[in-house]
Every structure is written in structure tokens, then in C-alpha cells.
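This report walks through one protein model, from a single strand out to the whole chain. Please keep the sequence and the three-dimensional view at hand while reading.

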Amino acid sequence: MAENTMEEFSTEEAVKEAVENAEEMKEEAATAENTEEAAEAKDSEKESKKGFKKKEKKKDKRDEQIEQLNDRVMRQMAEFENFRRRTEVEKSQMFATGAKSIVEKILPVVDNFERGLATVEEGADPFADGMLMIYKQLLTTLDEAGVKPIEAVGQEFNPDFHNAVMHVEDEEVGENIVVEEFQKGYMYNDTVVRHSMVKVAN
């Protein structure tokens, strides 16, 4: 009887101990599982942060490339605009130089017309009248092209427009006044093509 009681007691203790051990193992397993999950969560969070940082870095590189390209385009546009302006100025200067050269060559023809017509009375000779009409047409064409005669007689002497080849004492005329014009001067737009050859009163 005593032996049976001892066997039952030892069996109950063994069962209790086994249950306790099982519960402890279960708790340890759960703790380990939670720890692993936490570690995995941290690792995944780190990886996501790294990935985000990489994306940010990639985005920064793209932004830098875009800024560099925009800067290059703006510089090229500015250079092209400067080139266009410089070309326009050069073209206008070349055109003005060429036009001035042509006007200089035409002016002696105008002078010869004036000398020839000065010796003929208007209406006396049909041929001379024809030449007079051609002369007037030539002057009109030059005027439309921007070529205009320089006013000289009665004007104050100006070295920018007049070339004094003679001086005369004349009390009736004010000092430094042009009294006679030997050769007519002309301007092309704002540039003097030929100075007027004049006589000036002292």
C-alpha cells in the first residue's frame, strides 16, 4: 500500500515537472520567435532606409545632371544671341561701308552733270533739258538712298562737315562763316562721305 502511494506521488510530480518544463520551453520559444521577428523587422527597416537613401542619392545625381544640362543650354543660348547680335552689327557695318564706297564713286558723275548743266540755259537745248531731267532723277535716287548734300554757304564753319581751302576778309559777313562753296559735300545717313570744299570769312 505504501509502495503504491509512493509511485502515485512520484508520477504526479513527474507530470507536474513535465508540464512546467513544457510551459517554460514554450515561453522560451515564443521569446526567441519574438526576438527573431524584431531582428528581422530591424533588418528590413535598415534595408528600407538604405534603399531610400540610395533612391535619394540617385535622385540627387539626376537633379545635378538636369541642372548641368540646363546651365549648358542657357550658356549656349546666350552665346548664340551674342553671336547673332555681333553678326547683325558686322553686316550693317559692311553694308554701310559698301554703300559709302559706291556713293563716293557716283559723286564725281554728279559733279560733271552740274558743271555741264551750268553752261546751258534751261529750255535752250532739248538735249540739255534731257540731261537736266536725268540729273534730277539721279539726285532723287540718291536722296531716297540716304545721300544728302551738306549745307555750306551762309553756315558757320564746321570742320566735321567743311574743308576750308581759302580764307577771305569780309566785313559784311560774320567771322568764321562760309561765303563760297567750291565743291559740294555729301553725307550718307549720319556719315560724311565727302567734306564740302569752301571759302571761309575771317
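Why can β6 be described as largely enclosed by the rest of the structure? In this predicted model, five of the six residues of β6 are buried, so the strand is largely enclosed by what surrounds it. The paragraphs below look at β6 and its partners, and then turn to the other parts of the chain.

**The strand β6 and its sheet**

An open sheet of three strands contains β6, and its order is β2-β6-β3, with mixed pairing. The edge strands of this sheet are β2, which covers residues 162-168, and β3, which covers residues 178-183, and each of these pairs on one side only. From one strand to the next, the twist averages 30°.

The mixed pairing can be followed strand by strand. On one side, β2 and β6 run parallel and are joined by six bridges, while on the other side β3 and β6 pair in the antiparallel sense over four bridges. Particular residues show how these strands line up: His162 has Ser196 in β6 as its bridge partner, Met166 stands opposite Lys199 in β6, and Val178 stands opposite Val200 in β6. As a general point, the side chains in a regular strand alternate between the two faces of the sheet.

**A lysine inside the strand**

Is Lys199 buried or exposed? Lys199 lies in strand β6, which spans residues 196-201, and its relative accessible area is 16%. Because a residue counts as buried when this value is under 20%, Lys199 is classed as buried. Leaving aside neighbours within four places in sequence, Lys199 is in contact with Met166, Val168, Ile177, Val178, Val179, Glu180 and Phe182. Among these contacts is Met166, the residue that stands opposite Lys199 in the pairing with β6.

**The second sheet**

Three further strands form an open sheet in the order β1-β4-β5, and here the pairing is antiparallel. The edge strands are β1, residues 147-149, and β5, residues 191-194, each of which pairs on one side only. The twist in this sheet averages 35° from one strand to the next. Three bridges join β4 to β5, and these two strands run antiparallel; within this pairing, Tyr186 has Arg194 in β5 as its bridge partner. The hairpin of β4 and β5 has two residues between the strands, and in this hairpin Asn189 takes a positive phi near 55°.

The table sets out the strand pairings described above.

| Strands | Direction | Bridges |
|---|---|---|
| β2 and β6 | parallel | six |
| β3 and β6 | antiparallel | four |
| β4 and β5 | antiparallel | three |

**The nonpolar core and the aromatic pair**

The largest nonpolar core has 13 residues, and Tyr135 and Val147 are those with the most contacts inside it. At least two residues of this core are supplied by each of α1 (2-118), α2 (126-144) and β4 (186-188). The largest share, six residues, comes from α1.

Tyr135 deserves a further look. Not counting residues up to four places away in sequence, Tyr135 touches Val110, Phe113, Glu114 and Leu117. How many aromatic pairs does the structure hold? The structure holds one aromatic pair: the rings of Phe113 and Tyr135 have their centres 6.1 Å apart and their planes at 35°, so the pair is tilted. The pair links distant parts of the chain, with Phe113 in helix α1 and Tyr135 in helix α2, 22 residues apart. Both Phe113 and Tyr135 are buried.

**The chain as a whole**

The protein chain has two helices and six strands, and from the N terminus on its elements run α-α-β-β-β-β-β-β. Of its 202 residues, 15% count as buried. The chain exposes about 16,500 Å², of which carbon and sulfur atoms supply 54%. Among the contacts in the chain with a separation of 6 or more, 60% come from residues 24 or more positions apart. Against this background, the student can return to β6, where five of the six residues are buried.

Conventions: Residues numbered from 1 in each chain as written. Predicted model: local features only at pLDDT ≥ 70, side-chain atom pairs only at ≥ 80, totals over all residues. Heavy atoms only, no water. Buried < 20%, exposed > 50% of the residue type's maximum accessible area, 1.4 Å probe, protein only. Contact = heavy atoms within 4.5 Å. Pairing = 2+ DSSP bridges. Axes fitted to C-alpha atoms, helices over the stretch in contact; angles between N-to-C directions. Areas by Shrake-Rupley, 256 points an atom, 1.4 Å probe, with all protein chains shown as cover. Core = buried A, V, L, I, M, F, W, Y, C linked by side-chain atoms within 4.5 Å. Phe/Tyr/Trp six-rings, centres within 6.5 Å; stacked < 30°, edge-to-face > 60°.
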